[in-house]
Amino acid sequence: MAKYYYLISSLPMLSLENEPAISYQDFLARCREQLSDSDFKELEKAVFSKTDGARHPLMRRWEHYINDVNSILKDERSRKLGWETEGFSNVNNPALRDRIHRASFSMNPLEGEKEILAIYFDFLDSCGSSDPFDVEALMIYALKIQIIERMNAFDMEKGRREFRRLFSSIQKQFE
C-alpha cells in the first residue's frame, strides 16, 4: 500500500470549532495530483452521506455507524412524538444512545444537528488509521472536512429568511 508522507504532513489540522484551512474540493485536487488512481478512486468514495455497498473496511464501518446513528435518531424522534418505539432499533451502544438522546431532547434543532455532526466527527477520531500516512488516513480526513463544511454552512440569518419565505408561502395558500 502506498504511503503519502508529504501530502498528509502538509495538510492543516482539522477542528469542528474552526473553518478548515482547505476546502473539500481543494483537498481532492491536491490528492488527485499525488495519489495513485486506485487510491484516489477509494478516496472519492469517502463521502459524508450513506454509502451503500462500501467495499473498503473504513467505509463499511462508516456505513454501519451512520445506520446506527439513524436508527437511534428514529427511536428518539418517535419517542418525541409519543409513538411506541419498542423494537425499532437494536443498536446496543448506551453512550451513543445517551448522546443522541441529549441532542434530540435538550437542544434546539440547530444545536442538536451540530451535536450529531460532532458525534460523527468523534467517531472518525476513534477510527484512526493504523498507518497515519496511508489512504485510509486521507479518507478519514476527507470525511472530517465534509462534516466541518456542513457545520459551517449553518447560517442563522439565512435560515430565518428561508423560514419566513416558506411560512409566507404556506400562508398565501390558505388566503
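**Entry 1: largest pocket**

I began with the largest pocket and noted a volume of about 350 Å³. The model I am working from is a predicted one. I listed the lining next: it counts 15 residues, and those closest to the pocket centre are I8, A137, I140, Y141 and K144.

I then asked which elements give two or more residues to this lining. They are α6, spanning 109–127, and α7. The largest share comes from α7, which supplies five residues. By class, I recorded 11 nonpolar, two polar and two charged residues in the lining of the largest pocket.

**Entry 2: second largest pocket**

I moved to the second largest pocket, where the space comes to about 200 Å³. Its lining is made of 11 residues, and I noted L73, R77, A103, S104 and G112 as the closest to its centre.

Which helix gives the most to this lining? I found that α6 does, with four residues. At least two residues each come from α4 (57–80), α5 (94–105) and α6. I sorted the lining of the second largest pocket into five nonpolar, three polar and three charged residues.

I note that α6 appears in both linings: it gives two or more residues to the largest pocket and at least two to the second largest.

**Entry 3: packing of α2 and α7**

Since α7 lines the largest pocket, I looked up its packing with α2. Helix α2 covers residues 24–34 and helix α7 covers residues 135–152; I have their axes 9 Å apart and their packing angle at about 160°. Angles over 145 degrees count as roughly antiparallel, so I entered α2 and α7 as roughly antiparallel to each other. I logged the crossing of the two helices as left-handed.

Which residues make the contact? From α2 I wrote down Y24, F27 and C31, and from α7 L138, Y141, A142, I145, Q146 and E149. The contact residues divide into seven nonpolar, one polar and one charged. I marked Y141 for a cross-reference: it is in the contact with α2 and is also listed among the residues closest to the centre of the largest pocket.

**Entry 4: overall layout**

I closed with the whole protein. I counted eight helices and zero strands, and read along the sequence the pattern is α-α-α-α-α-α-α-α. For the extent, I took the box filled by the C-alpha atoms along the principal axes, which is roughly 60 × 40 × 30 Å.

Definitions and conventions
Residues numbered from 1 in each chain as written. Predicted model: local features only at pLDDT ≥ 70, side-chain atom pairs only at ≥ 80, totals over all residues. Heavy atoms only, no water. Axes fitted to C-alpha atoms, helices over the stretch in contact; angles between N-to-C directions. Parallel < 35°, antiparallel > 145°, perpendicular 65-115°, else oblique. Left-handed = near helix turned anticlockwise from the far one by under 90°. Contact = heavy atoms within 4.5 Å. Nonpolar A, V, L, I, M, F, W, Y, C, P; charged D, E, K, R; others polar. 1 Å grid on protein atoms, 1.4 Å probe; cavity = no way out; pocket = protein on both sides within 12 Å on 5 of 7 lines; lining within 4 Å. Points joined across faces, edges and corners; volume = space filled by probe spheres on them.
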